[in-house]
Amino acid sequence: MEYQVCTRCVMDTSDPEITFDSNGVCSHCQRFDSVILPYWRGFSKEWLEKKVAFIKQDCKDSPYDCILGVSGGGG
């Protein structure tokens, strides 16, 4: 497979399971749109902002500075 990067995110062909549509959008973004995004649409921006504020306050002494950790892979 020729090296390719998603036109929408940072995923690339280093993932052996990845596929791309004719617009160069990866299978992970396509799955997000079809499976996850519909559930997110039920949450308002206000709800999300309150949730983020709560997490920041609740974890203010945490050694981590992110809300959602995303693995870079490796092994």
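## Nonpolar core

The largest nonpolar core consists of 6 residues: Cys 6, Ile 18, Phe 20, Val 25, Cys 26 and Cys 29. The model described here is predicted. In soluble globular proteins, nonpolar side chains tend to be buried together.

Ile 18, one of the core residues, has contacts beyond four places in sequence with Met 1, Met 11, Asp 12, Thr 13, Cys 26, Ser 27 and His 28. Among these partners is Cys 26, which also belongs to the core.

## Nonpolar surface patch

Tyr 39, Trp 40, Phe 43, Trp 47 and Leu 48 form a nonpolar patch on the surface, with an area of about 630 Å². Two elements, α1 (27-40) and α2 (45-58), each give two or more residues to this patch.

Leu 48, a patch member, lies in helix α2. Its relative accessibility is 48%, so Leu 48 counts as partly exposed; the class of exposed residues begins over 50%.

## Whole chain

The secondary structure comprises 2 helices and 0 strands. The chain has 75 residues, of which 13% are buried.

For contacts between residues at least 6 apart in sequence, 4% link residues at least 24 apart. The chain has an accessible surface of about 6600 Å². Carbon and sulfur atoms account for 56% of that surface.

Technical notes
Residues numbered from 1 in each chain as written. Predicted model: local features only at pLDDT ≥ 70, side-chain atom pairs only at ≥ 80, totals over all residues. Heavy atoms only, no water. Core = buried A, V, L, I, M, F, W, Y, C linked by side-chain atoms within 4.5 Å. Buried < 20%, exposed > 50% of the residue type's maximum accessible area, 1.4 Å probe, protein only. Contact = heavy atoms within 4.5 Å. Patch = residues over 30% accessible without salt bridge, like charges linked within 9 Å, V, L, I, M, F, W, Y side chains within 5 Å. Areas by Shrake-Rupley, 256 points an atom, 1.4 Å probe, with all protein chains shown as cover. Salt bridge = Lys/Arg side-chain N within 4 Å of Asp/Glu carboxyl O. Helix = DSSP H or I, 4+ residues; strand = E, 2+ residues; numbered from the N terminus.
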